[in-house]
Amino acid sequence: MLTRTDLNHSMLPATNCPPVRWRISDCPVPYEEALATMEREVAAIAEGKADELVWLLEHPPLYTAGTSANSADLIEPDRFPVYETGRGGEYTYHGPGQRVAYVMLDLKRRRQDVRAYVAALEELVIRTLELMNVRGERREDRVGVWVRRPEKPLLQDGSMAEDKIAAFGIRLRRWVSFHGLAINVDPDLTHFSGIVPCGVSAYGVTSLEDLGMLVMMEDVDIRLRQAFEDIFGPTEIETV
């Protein structure tokens, strides 16, 4: 059986295509605005009217529900706005201090393989963390990128504690991807307590700050772009 680990390097860069647009928003973007923008961009990319795009941003505090969300996992429904979205996955949190990357790539130009694409996104986060001397790992039985926490008490089954540092949720339309990933840089981790993140209750949530890495969002962006280009090919800063 082929695992996501086997697919680490299987998302080939697009050939004979312009660099991927690299957009960074400096101010928090309302979720409805982000969804509307992604809809427009994905449609234009699918029609060949726009180049591929990676959009880096932060959101105001909010919860989102993916297509597999269980209502019982929304512990505090009145704490922050809750948005139902067409991405895969369950409940997740977005807020200041979290780098969200909405990745809009035309997989027809790359590889029409959803599992390979997810593996490539995981590899993107793992390499980004590695550039900051943090070891992130994938797990076959749960989504996300995880960090081992040997300083914490063992779990009930005797295994080492692990915390999630990055979450994923994707959707494809006409083989163009949207939504993407979120890396916890220095968010308020107490905000995750209003949900069961991604339906996983046995493990915790962490951030670069929680791990003792005091880095600026701009530093994360530089490393994210470097890792992206290693996996997916060249980018070009978008000027507005």
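Helices and strands here are DSSP runs, numbered from the N terminus. With that in hand, the pocket of this predicted model is a handy place to start. The largest pocket comes out at about 310 Å³, and its lining draws at least two residues from each of α2, β8 and β9. The biggest share comes from β9, which gives four residues. In total 17 residues line the largest pocket, with Gly88, Gly89, Val143, Phe168 and Gly169 lying nearest its centre. By character, the lining splits into seven nonpolar, six charged and four polar residues.

Turning to the interior, the largest nonpolar core holds 35 residues, and the ones touching the most other members are Leu121, Leu124, Leu208, Phe228 and Phe232. Plenty of elements chip in: β1, β2, β6, α2, β8, β9, β10 and α3 each supply at least two residues of this core. Phe228 has contacts beyond its sequence neighbours (up to four places away) with Val20, Trp22, Val54, Val103, Leu105, Leu124, Gly233 and Thr235. There is also a second, separate core, made of 20 residues, including Val29, Ala46, Ala50 and Phe178.

Ala46 also belongs to α1, where it is buried along with Tyr31, Ala34, Thr37, Met38, Glu41, Val42, Ala44 and Ile45. The length of this helix checks out: α1 runs over residues 31-46, and because each residue should add 1.5 Å, its 16 residues should span 22 Å, in agreement with the 22 Å between its end C-alpha atoms. After α1 comes Gly48, with a positive phi near 75 degrees.

Technical notes:
Residues numbered from 1 in each chain as written. Predicted model: local features only at pLDDT ≥ 70, side-chain atom pairs only at ≥ 80, totals over all residues. Heavy atoms only, no water. Expected span 1.5 Å × (residues − 1). Buried < 20%, exposed > 50% of the residue type's maximum accessible area, 1.4 Å probe, protein only. Core = buried A, V, L, I, M, F, W, Y, C linked by side-chain atoms within 4.5 Å. Contact = heavy atoms within 4.5 Å. 1 Å grid on protein atoms, 1.4 Å probe; cavity = no way out; pocket = protein on both sides within 12 Å on 5 of 7 lines; lining within 4 Å. Points joined across faces, edges and corners; volume = space filled by probe spheres on them. Nonpolar A, V, L, I, M, F, W, Y, C, P; charged D, E, K, R; others polar.
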